[in-house]
Amino acid sequence: MLVRDLMTIGVPVCRDDERCGTVSARLTKQKVEAEVIVALDEDGMSCGWLTRDQLDQNESKLISEVMDEEIPTVSPTLPVEAAAQKMRDKGVQHLLLMHDWPGEPRPSAVISLKKIENRPEGF
């Protein structure tokens, strides 16, 4: 089984100069159930990421104050066992799949360690 077999397509984005509370309220209002959010800079390029928990726990802070600038990425063709090990090695619960057309990489999908570990038998 490969990452592409378990990945969740679509990753919400926000501006890095927005307040966490504003983004959280928007996601709630739009009924977006996402574990990960990617931040975009003033040029619209990916500049960091954070979890929904971080977003909700830092209501008054700017995204740029909370986000991790190093976006953990993975290839869709990597076996899920290798992706899970990569997450454990990096100490993260999620890896992002990025596409780079046109230009700079942007988020397209995400896979979580929880989803890999809880996948149905034989899947």
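**Exercise 1. Work out how strand 2 and strand 3 pair, then place them in their sheet.**

*Solution.* Keep in mind that this is a predicted model.

Step 1: Strand 2 and strand 3, the latter covering residues 36–40, run parallel and are joined by three bridges.

Step 2: For a concrete pair, take C14, whose bridge partner in strand 3 is A39.

Step 3: Now zoom out to the sheet. It's an open one, with three strands in the order 2-3-4 and mixed pairing. Strand 2 (13–15) and strand 4 (46–51) sit at the edges, each pairing on one side only.

Step 4: Check the twist. Ignoring direction, neighbouring strands of this sheet are turned by 35 degrees against each other on average.

**Exercise 2. List the elements of the chain from the N terminus on, and ask how compact the chain is for its length.**

*Solution.*

Step 1: Count first: the chain has six helices and six strands.

Step 2: Walking from the N terminus, you get α-β-β-α-β-β-α-α-α-β-β-α.

Step 3: Compare the radius of gyration with the globule rule. The chain comes out at 14 Å, close to the rule's 14 Å for 123 residues, so it's as compact as a globular protein of that length.

Step 4: Add the box. Along the principal axes, the C-alpha atoms fill roughly 45 × 30 × 25 Å.

Step 5: Look at contacts with a separation of 6 or more: 58% of them link residues 24 or more positions apart.

**Exercise 3. Find out what share of the 123 residues is buried, and what share of the accessible surface belongs to carbon and sulfur atoms.**

*Solution.*

Step 1: With buried meaning under 20% relative accessible area, buried residues make up 41% of the 123.

Step 2: The accessible surface is about 7,200 Å², and carbon and sulfur atoms hold 48% of it.

**Exercise 4. Dissect the largest nonpolar core: which residues touch the most other members, and which element gives the most?**

*Solution.* A bit of background: nonpolar side chains tend to be buried together in soluble globular proteins.

Step 1: This core has 21 residues, and W49, V74, M87, L95, L96, I111 and I116 touch the most other members.

Step 2: Trace the suppliers. At least two residues each come from helix 1 (3–6), strand 3, helix 5 (80–90), strand 5 (94–99), strand 6 (106–112) and helix 6 (113–117). Helix 5 gives the most, with four residues.

Step 3: Pick V74 and list its contacts. Leaving out residues up to four places away in sequence, V74 touches V3, A83, K86, L95, L96, L97 and I111.

Step 4: Don't stop there. Another core lies apart from this one; it has 12 residues, including C20, V23, C47 and L55.

Technical notes. Residues are numbered from 1 along each chain as its sequence is written. This is a predicted model: local features need pLDDT of at least 70, side-chain atom pairs count only at pLDDT 80 or more; totals for chains, interfaces and linings use all residues. Side-chain values use heavy atoms; hydrogens and water are left out. Two strands pair if DSSP finds at least two bridges between them. Axes are lines fitted to C-alpha atoms, for helices over the stretch in contact, and angles run from 0 to 180 degrees between N-to-C directions. The radius of gyration is taken over C-alpha atoms; the globule rule is 2.2 Å times the number of residues to the power 0.38. Buried means under 20% relative accessible area, exposed over 50%, partly exposed in between (1.4 Å probe, protein chains only). Contact means heavy atoms within 4.5 Å. Accessible areas come from the Shrake-Rupley method with a 1.4 Å probe; for residues, only the protein chains shown count as cover. A nonpolar core is a set of buried Ala, Val, Leu, Ile, Met, Phe, Trp, Tyr and Cys residues joined through side-chain atoms within 4.5 Å.
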